[in-house]
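Here is a short briefing for a reader coming to this structure fresh. Please look over the sequence and the model before reading on.

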Amino acid sequence: MATFVPSSSIFRPTLIRCTNDRRALFNRIAPVYDNLNDLLSVGQHRVWKRMAVSWTGAKLGDRVLDVCCGSGDLSFLLSHKVGCDGKVIGLDFSKDQLSIASSRQQLLSKKCFTNIEWVEGDALNLPFMDGWFDAITMGYGLRNVVDKHKAMQEIFRVLKAGSTVSILDFNKSNESLTSAITEWMIDNVVVPVASAYGLSEEYRYLKSSIREFLTGKELEELALEVGFSAARHYEIGGGLMGCLVAKR
């Protein structure tokens with residue numbers, strides 16, 4: 001297994017404070033995470049992720065961060081955007097997810113992917129200096145952190161002035177029909193498919209996590225509250241997904 005220990009001076013000491021049960025959950029689903037994403041979204045998650053990366057405005061030579069990077073989909077997309085002269089850091093609290101991301105990096109073996117570094121860390125206490133990144137992404141992570149306000153504060157802190165964060169996740173819709181469709185899909189599609197992998201309970205949590213999440217308007221308000229100068233939430237995927245785009 002790869003070692004994910006930062007050595008550059010850009011990092012500062014940190015303490016991982018995420019709850020053990022959430023970390024254990026993501027470690028358990030790591031081996032089949034990518035396959036399930038493809039099956040459950042019929043491949044559409046790749047389109048949504050490309051949209052999220054595009055909204056960051058990341059460009060050649062930029063230094064970018066992918067928070068809650070999982071198996072690295074957004075990190076790899078960012079790598080293409082910033083090129084060999086840029087730098088991508090993928091951060092996650094799950095060692096198993098990071099191990100898979102590292103294995104994918106070696107398997108894909110593209111020249112630009114050498115610009116990616118994987119870091120085990122906490123989204124609530126990012127181990128980086130203030131104003132260090134030109135762009136930040138977060139895919140399906142904000143909904144799962146124990147303190148969303150603190151996570152947004154940390155993203156704001158490490159992002160350069162004038163730069164953008166793009167946060168992709170399930171959309172908590174104000175429309176009762178959209179919410180009903182989401183819950184029906186979880187009960188009748190997501191959980192049954194996950195059960196074939198022995199992970200029904202691990203995916204059953206989705207319904208409650210979306211119910212407890214913030215609406216698009218609430219996400220915009222949260223971003224402005226922590227200091228972002230502008231924030232807009234886009235509903236995508238027929239309203240089932242959403243992407244918060246906020247400028248520092």
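The points below cover a helix pair and the nonpolar cores.

This is a predicted model. Helix 6 spans residues 148-158, and helix 9 spans residues 216-226. Helix 6 also gives the most residues to the largest nonpolar core.

**Helix 6 and helix 9**

- The two helix axes come within 9 Å of each other. They cross at roughly 55°.
- An angle from 35 up to 65 degrees counts as oblique, so helix 6 and helix 9 are oblique to each other.
- The crossing of helix 6 past helix 9 is right-handed.
- On the helix 6 side, the contact uses Lys-148, His-149, Met-152, Gln-153 and Phe-156. Helix 9 answers with Leu-222, Ala-223, Glu-225 and Val-226.
- By type, the residues of this contact are 5 nonpolar, 2 polar and 2 charged.

**The largest nonpolar core**

- This core holds 32 residues. Those touching the most other members are Leu-65, Val-67, Ile-136, Met-138, Leu-142, Met-152 and Phe-228.
- Elements giving two or more residues include strand 1 (63-67), strand 2 (87-92), strand 4 (133-139) and strand 5 (159-170). Helix 6, helix 9 and strand 7 (241-247) do so too.
- Helix 6 contributes 5 residues.
- In soluble globular proteins, nonpolar side chains tend to be buried together.

**Around Leu-142**

- Beyond its neighbours within four places in sequence, Leu-142 contacts Lys-148, Ala-151 and Met-152, among others.
- Its other contacts include Ile-167, Asp-169, Phe-213 and Leu-219.

**A separate core**

- Another core, of 18 residues, lies apart from the largest one. Among its members are Trp-48, Ala-52, Leu-168 and Ile-236.

Conventions
Residues are numbered from 1 along each chain as its sequence is written. This is a predicted model: local features need pLDDT of at least 70, side-chain atom pairs count only at pLDDT 80 or more; totals for chains, interfaces and linings use all residues. Side-chain values use heavy atoms; hydrogens and water are left out. Axes are lines fitted to C-alpha atoms, for helices over the stretch in contact, and angles run from 0 to 180 degrees between N-to-C directions. Helices (H or I, at least four residues) and strands (E, at least two) are DSSP runs, numbered from the N terminus. Angles under 35 degrees count as roughly parallel, over 145 as roughly antiparallel, 65 to 115 as roughly perpendicular and the rest as oblique. A crossing is left-handed if the near helix is turned anticlockwise from the far one by less than a right angle, and right-handed if clockwise. Contact means heavy atoms within 4.5 Å. Ala, Val, Leu, Ile, Met, Phe, Trp, Tyr, Cys and Pro count as nonpolar, Asp, Glu, Lys and Arg as charged, and the others, Gly among them, as polar. A nonpolar core is a set of buried Ala, Val, Leu, Ile, Met, Phe, Trp, Tyr and Cys residues joined through side-chain atoms within 4.5 Å. Buried means under 20% relative accessible area, exposed over 50%, partly exposed in between (1.4 Å probe, protein chains only).
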